[in-house]
Structures are given as C-alpha cells and as structure tokens.
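Student: Please take a close look at one part of this model, and give me the numerical criteria behind each term you use. I would then like to see that part set against the rest of the chain.

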Amino acid sequence: MFDIKASAEYVVEWAAKDPYGFLTTVILALTLLLASAVLSRKLAKMIETGEKEQKKKQKRQEKIAKTKRLKKD
C-alpha cells in the first residue's frame, strides 16, 4: 500500500539535499497547474459562447420559419 509517512520523509530529505532542484520542480509543477487552469477556463468560456450563439441562431431560424408560415397563410 502507499505509505504517506515514507513519502513525506523522502520529500523532506530531497528538499534538504537538493533545495534548488526541489524548488525548481515545485515551481514547474505549479506553473503547469496554473497553465492548465487558465486553459480550462478559456475553453469553458469558448464553449459557453458557442452555445449562446447556437441558441441565437436557432431562435432566429424559428422566427424566420414562423414568418414564412404566416406569409403562406
């Protein structure tokens, strides 16, 4: 099974032996996490905008179809 105490000791030992390598790794991981969050938010906004445009187009098409039906009658 996964031993948290042993993992924590390993990380502390690694940070003590190679602080610059440890900090570089932590900063890189945080940067990747931040980039992922930013891109996820951007994608969510793009999807939301696309859905709104799709609804507008659908409403417009419905109104056009309704107008054409009224003109035929």
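**A close look at E13**

Tutor: E13 is partly exposed, with a relative accessible area of 44%; in these terms buried means under 20%, exposed over 50% and partly exposed in between, using a 1.4 Å probe and protein chains only. This is a predicted model, in which local features need pLDDT of at least 70 and side-chain atom pairs count only at pLDDT 80 or more, while totals for chains, interfaces and linings use all residues. Residues are numbered from 1 along each chain as its sequence is written, and side-chain values use heavy atoms, with hydrogens and water left out.

The partner of E13 is K17, and the two form a salt bridge whose closest N and O atoms are 3.0 Å apart, the criterion being a side-chain nitrogen of Lys or Arg within 4 Å of a carboxyl oxygen of Asp or Glu. Side chains of opposite charge can pair when their charged atoms come close. Because E13 and K17 are four residues apart in helix 1, about one helical turn separates them; helices are DSSP runs of H or I with at least four residues, strands are runs of E with at least two, and both are numbered from the N terminus. K17 has a relative accessibility of 66% and therefore counts as exposed, whereas E13, at 44%, is partly exposed. Helix 1 covers residues 4-17, and M1 belongs to the segment before helix 1.

The structure holds two salt bridges, and the other involves E48 and K52, whose side chains meet at an N to O distance of 3.7 Å. This pair lies in helix 2, residues 19-72, where E48 and K52 are again four residues apart and so separated by about one helical turn. Here E48 is partly exposed with a relative accessible area of 45%, and K52 is exposed with a relative accessible area of 53%.

Set against the whole chain, the pair of E13 and K17 belongs to a protein chain with two helices and zero strands. The radius of gyration of this chain, taken over C-alpha atoms, is 27 Å, well over the 11 Å that the globule rule gives for 73 residues, so the chain is more spread out than a compact globule; that rule is 2.2 Å times the number of residues to the power 0.38. Along its principal axes the C-alpha trace spans about 85 × 30 × 10 Å, and buried residues make up 0% of the 73 residues.

A last comparison places K17 within that extent: K66, which sits in helix 2 and is exposed at 51% relative accessibility, is 49 residues from K17 in sequence, and the C-alpha atoms of K66 and K17 are 75 Å apart in space.
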